[in-house]
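Subject: Structure handover

Hello,

Here is the structure I said I would pass on. My notes on it follow below.

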Amino acid sequence: MRSVSSIVFFPAPPPLPLSPSQFPFKIHQPNLLFPTTTTATTTATARPSLLSAPTPPSLRRKLLCPPPSAKYVREDYLVKKLSAKEIQDLVKGESNVPLIIDFYATWCGPCILMAQELEMLAVEYESNVLIVKVDTDDEYEFARDMQVRGLPTLYFISPDPNKDAIRTEGLIPIQMMRDIIDNQM
């Protein structure tokens, strides 16, 4: 059996330079474009902005079609936004048509898609179904009381008081909504 007992010694690394002139690399220069500290004596200089410069005609976007007019943005929607008090009055009152309540938020992408589907349902079912919506940002306490955890949340309330309400959460296909309205309400 052989044993190797050789120890190798390496020389110590050279000492680090202490003055900036001895560094072999460039030293970071302060950013003069965007100063990080401001003092009372510093005056702000106006920098040209890309947004403020006029766009030359050769670089302007060419529209494929005219932009949509805002004629359907006002009160033309069939699905109306209601307050918590109005919803409670609707649920407590006598109704002979099913009620669909959509809990949504304006910043929610799936809620916007669901709103388009609900508008199509409102046109399709006309006066056979009442569809309303509640903004959860405006009616936070009501949404909390109704246990809305995710958006969009739909409540399908039958005119028959013996039937339970059906609750869905998330984006659901329009055909599923038709099936609930036609078969379960």
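K85 and D89 form a salt bridge through their side chains, with 3.3 Å from N to O. This is a predicted model, so please read that distance and the values below as computed ones. The two residues sit four apart in helix 1 (residues 84-92), so about one helical turn separates K85 from D89. K85 is exposed, at 53% relative accessible area, while D89 is partly exposed, at 42%.

Over the whole structure the search found five salt bridges. Among them is the one between R167 and E169, whose closest N and O atoms are 3.2 Å apart. R167 is partly exposed at 35% relative accessibility, and E169 is also partly exposed, at 43%.

Another of the five joins the side chains of E124 and R178, at 3.0 Å from N to O. This pair connects distant parts of the chain, since E124 is in helix 2 and R178 is in helix 4, with their positions 54 residues apart. E124 counts as partly exposed, with a relative accessibility of 41%; R178 is partly exposed too, with a relative accessible area of 21%.

How do helix 2 and helix 4 cross? Their axes come within 10 Å and cross at roughly 45°. Helix 2 is therefore oblique to helix 4, and the crossing is right-handed. On the helix 2 side the contacts involve M114, E117, L118, M120, L121, E124 and Y125. Their counterparts in helix 4 (residues 174-184) are I174, M177, R178, I181 and D182. The residues of the salt bridge between these helices, E124 and R178, thus appear in both contact lists.

Helix 2 (residues 109-125) also holds E119. Which side chain of opposite charge is nearest to E119? It is K133, 5.5 Å away. A salt bridge needs a nitrogen within 4 Å of a carboxyl oxygen, so the K133 distance does not qualify. E119 is buried and has no salt bridge. Leaving aside residues up to four places away in sequence, E119 touches Y77, L78 and V79.

Some backbone details may matter for your setup. Most residues other than glycine have a negative phi, and most peptide bonds are trans. The bond between L151 and P152 is a cis peptide bond, with omega at about -10°. P152 belongs to the loop between helix 3 (140-145) and strand 4 (153-157). Q147 lies in the loop between helix 3 and strand 4 as well, and its phi is positive, near 60°, although Q147 is not a glycine. E126 also has a positive phi without being glycine, in this case near 45°. E126 is in the loop between helix 2 and strand 3 (130-135) and counts as exposed, at 62% relative accessibility.

Finally, the overall layout. The protein chain has four helices and five strands, in the order β-α-β-α-β-α-β-β-α from the N terminus. Of its 185 residues, 26% are buried. Among contacts with a separation of 6 or more, 70% are between residues 24 or more positions apart.

Regards

Methods
Residues numbered from 1 in each chain as written. Predicted model: local features only at pLDDT ≥ 70, side-chain atom pairs only at ≥ 80, totals over all residues. Heavy atoms only, no water. Buried < 20%, exposed > 50% of the residue type's maximum accessible area, 1.4 Å probe, protein only. Lys, Arg positive; Asp, Glu negative; His and termini not counted. Contact = heavy atoms within 4.5 Å. Axes fitted to C-alpha atoms, helices over the stretch in contact; angles between N-to-C directions. Parallel < 35°, antiparallel > 145°, perpendicular 65-115°, else oblique. Left-handed = near helix turned anticlockwise from the far one by under 90°.
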